[in-house]
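Me: Could you take a close look at one part of this model for me and tell me how it sits against its surroundings? I'd like one connected walk-through, with the distances and angles left in.

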Amino acid sequence: AIMKTNTKAYKVRINGDEFHLVSDEAEAHVLKAAEKVDAIIKELSTGASRIDKRKVAILAALQLASELLHIQEALADHKQKESALALFIDHTVASL
């Protein structure tokens, strides 16, 4: 994605590590995204005393990618239904 000119620097903490980010997203959005990643990592780490941080990060990325794919599939389905409904309405109105 191309960064807009109104980028801001943010500092977030995920899994005990501090990250300095630059983003054109609103602060609330950046913080919410960081909180979501942190929550997923904590959930994946629960019960595991010594787990590789890199592996947990990859599992968190896979979980987020899966959620994103489900949302994209649902959106595509809704768009298809919307197009079919619009076509139906056009045909119905044309036959009046």
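Reply: Here is a walk through helix α1, its partners and a few residues from the stretch before it.

One thing up front: this is a predicted model, so everything below describes the prediction.

Let's begin with the packing. The largest nonpolar core has nine residues in all: Tyr-10, Val-12, Ile-14, Val-30, Ala-34, Ile-40, Ile-41, Val-56 and Ala-60. Three elements each give two or more residues to this core, namely β1 (8–14), α1 and α2 (53–94). Of these, α1 gives the most, with four residues. That fits a familiar picture: in soluble globular proteins, nonpolar side chains tend to be buried together. For a link between the helix and the strand, take Ala-34. Leaving out residues up to four places away in sequence, Ala-34 touches Val-12 and Ile-14, and all three of these residues are on the list for the largest nonpolar core.

Now for the other helix. Two packed helices are described by the angle between their axes and the distance between the axes. For α1 and α2, the axes come within 9 Å and cross at roughly 120°. With that angle, α1 counts as oblique to α2. Roughly perpendicular would have stopped at 115 degrees, so this pair falls outside that class. As for handedness, the crossing of α1 and α2 is right-handed.

Which residues meet across that crossing? On the α1 side they are Lys-36, Val-37, Ile-40, Ile-41, Leu-44 and Ser-45. On the α2 side they are Val-56, Leu-59, Ala-60, Gln-63, Leu-64 and Glu-67. Some of these names also turn up in the core: Ile-40, Ile-41, Val-56 and Ala-60 are among its members.

Val-37 is a good residue to click on next. Val-37 sits in helix α1 and is partly exposed, with a relative accessible area of 24%. Setting aside neighbours within four places in sequence, Val-37 is in contact with Ile-14 and Leu-64. If you want a backbone gauge, the C-alpha atoms of Val-37 and Gln-63 are separated by 9.8 Å, for two residues 26 apart along the chain.

Further along α1 comes Glu-43, which at 53% relative accessibility counts as exposed. The C-alpha atoms of Glu-43 and Ala-60 are separated by 9.4 Å, with their positions 17 residues apart along the chain.

Then there's Ser-45, in the helix that covers residues 27–45. The Ser-45 side chain reaches the backbone oxygen of Ile-41 at 2.8 Å. Ser-45 also touches Ile-51 and Val-56, again not counting residues up to four places away in sequence.

Finally, a look at the stretch before the helix. Asn-15 lies in the loop between β1 and β2, and its phi is near 55°, a positive value in a residue other than glycine. At 24% relative accessibility, Asn-15 counts as partly exposed. In strand β2 you can set two residues side by side. Val-22, in that strand (residues 17–23), is exposed, with a relative accessible area of 57%. Ser-23, also in β2, counts as buried at 13% relative accessibility. The side chain of Ser-23 reaches the backbone nitrogen of Glu-25 at 2.9 Å. To get a sense of span, compare Val-22 with Gly-47: they are 25 residues apart in sequence and 33 Å apart in space, C-alpha to C-alpha.

Methods: Residues numbered from 1 in each chain as written. Predicted model: local features only at pLDDT ≥ 70, side-chain atom pairs only at ≥ 80, totals over all residues. Heavy atoms only, no water. Polar contact = N/O pair within 3.5 Å; in protein donor to acceptor, adjacent residues only side chain to side chain. Contact = heavy atoms within 4.5 Å. Core = buried A, V, L, I, M, F, W, Y, C linked by side-chain atoms within 4.5 Å. Buried < 20%, exposed > 50% of the residue type's maximum accessible area, 1.4 Å probe, protein only. Axes fitted to C-alpha atoms, helices over the stretch in contact; angles between N-to-C directions. Parallel < 35°, antiparallel > 145°, perpendicular 65-115°, else oblique. Left-handed = near helix turned anticlockwise from the far one by under 90°.
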